[in-house]
Amino acid sequence: MPHTSLHTAADLLAYDREHLWHPYTSMTDPTPVRLVTGADGTRITLDDGSELLDGMSSWWAAIHGYNHPALNAALTDQVADFAHVMFGGLTHRPAIALAEKLVSITPEGLDHVFLADSGSVSVEVALKMVLQHQRGVGRPERTRMLTIRGGYHGDTFGCMSVCDPVGGMHSMFSQVLPTQVFADRPPAGVEDVPAWAEGFRSLAAEHAHELAGIIVEPLLQGAGGMHVYPAECLRVMREVADEHELVLVFDEIATGFGRTGWLFAAEAAGVTPDVMCLGKALTGGYLTLAAVLCTGAVAAGLSRSESGVLMHGPTYMGNPLACSVALANLRLLETGDFRSDVERINAGLVAGLAPLRDLPGILDVRTIGAVGVAQLDHPVDVVKATDAAAEEGVWLRPFRDLIYTMPPYVSTDEDVALICTAIGRAAVVA
Ligand SMILES: *Cc1c(COP(=O)(O)O)cnc(C)c1O
């Protein structure tokens, strides 16, 4: 345990409250946090000895559960060799083996790998790839991205510019953000795809002279509102990208590694993007790491831009500890049977959430793969909802009007049922 002069839980929490930022939380009037002392399998242990069943997989990441022996071993083995070396001019087995694995499991044609240090950074890198590619192929005037409303791509400036313009952070930063082109959010039902596609095609045609690429979260928009849309829309995007020579970027940071039932959501449409971002579950929830994969054509195009190189290179690029645990995590995915786990969890979520549909204040419930969502007709009182779920022994972290879950793939049927009960409880009080 780390040494600190603060001894009691109350002291620690008081210091935290005074000095530590938490995500999207006020420093001057923060909402309460819980003090964690351990995590194992699907359970998070709190300082008072109580346990919470994790309904969040630590934000999509801990797909195999906490304290996994294989993931622990990968880290301790690697740290005994070396923890990190710079990636400029040096390389190592963990990065090479991870690149080989990612190239082999992602859609055919994504052959080049950039190892970034977080999801947001990987999106920045992807955006640079797009812009440098267009410069390299003689279209420097193409600088804007086409995206869809309701998206979330991370918190840094390039990322913010392609997040949903209403729910995102555009209004506050409008003076400094690049202005992108926003198409309507794709519909939930297939019957509405043709009308949406028509709008998407005409918007692309209208702006083609200034567009460099398209960026979307395929199949499931995560933090922008947990919206599920038909795979057919991805085929439309591929066609539009080809027609107007746009670089198609799929941000699979949330959807990647089995969460939707497909290893990658792109597979649902049989579409290969030109660039793909991966993160979150890449290391099974152990360390921050992301990857950007691109095709040979994108790599060749951007290499003809005036710099001749991709203009990015973080200090901790290709961190060997993160790469090693990512490899072990992918090995678990391969040797396990995530497809039947996700299918089983989906069945549990469908059955467990269906009764919520009739509760007052609930607008919609929906699922895709191992993701379950209850949408309210009002903004969630996060503290009340979190406390109500915790009383059921479940950890949930709602946002906006959504109470949702993406449980670890190792969750049992009983776990999934309990999570659904907790979502119901939270929805009623919130
Ligand atoms: C979480 C997320 C990001 C940002 O990743 P960070 O690691 O938090 O920077 C980007 N895109 C999508 C789709 C995400 O879900």
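This short talk covers one sheet and the ligand site of the structure above. Keep in mind that the model is predicted.

Let's start with the sheet. Four strands make it up, and the sheet is open. Read across, the order is S1-S2-S3-S15. The pairing is mixed. What stands at the edges? Strand S1, residues 36-40, and strand S15, residues 394-395. Each has a single partner strand, so one side of each is left without a neighbour in the sheet.

Now look inside the sheet. Strand S2 covers residues 43-46, and strand S3 covers residues 51-54. These two run antiparallel, joined by 3 bridges. Take isoleucine 44 as an example: its bridge partner in S3 is leucine 52. As a reminder, strands of a sheet pair through backbone hydrogen bonds.

Next, the helix on this sheet. Helix H15, residues 413-429, lies across S2, S3 and S15. Relative to S3, helix H15 runs at about 100°.

On to the ligand. Which residues are around it? Ser118, Gly119 and Ser120 are among them. So are Tyr152, His153 and Gly154. The list also includes Glu217, Asp251, Ile253, Ala254 and Lys280. By type, the shell divides into 3 nonpolar, 5 polar and 3 charged residues.

Three polar contacts to point out. Glycine 119 uses its backbone: an N or O atom there lies 2.8 Å from a ligand oxygen atom. Aspartate 251 places a polar side-chain atom 2.7 Å from a ligand nitrogen atom. For lysine 280, a polar side-chain atom lies 2.5 Å from an oxygen atom of the ligand.

How much of the ligand does the protein cover? On its own, the ligand has 380 Å² of accessible area, and the protein covers 82% of that.

Note on methods. Residues are numbered from 1 along each chain as its sequence is written. This is a predicted model: local features need pLDDT of at least 70, side-chain atom pairs count only at pLDDT 80 or more; totals for chains, interfaces and linings use all residues. Side-chain values use heavy atoms; hydrogens and water are left out. Two strands pair if DSSP finds at least two bridges between them. Contact means heavy atoms within 4.5 Å. Axes are lines fitted to C-alpha atoms, for helices over the stretch in contact, and angles run from 0 to 180 degrees between N-to-C directions. A residue is near a molecule or strand if one of its heavy atoms lies within 4 Å of it. A polar contact is a pair of N or O atoms within 3.5 Å; within protein, one must be able to donate a hydrogen and the other to accept it, and residues adjacent in sequence count only if both atoms are side-chain atoms. Accessible areas come from the Shrake-Rupley method with a 1.4 Å probe; for residues, only the protein chains shown count as cover. Ala, Val, Leu, Ile, Met, Phe, Trp, Tyr, Cys and Pro count as nonpolar, Asp, Glu, Lys and Arg as charged, and the others, Gly among them, as polar.
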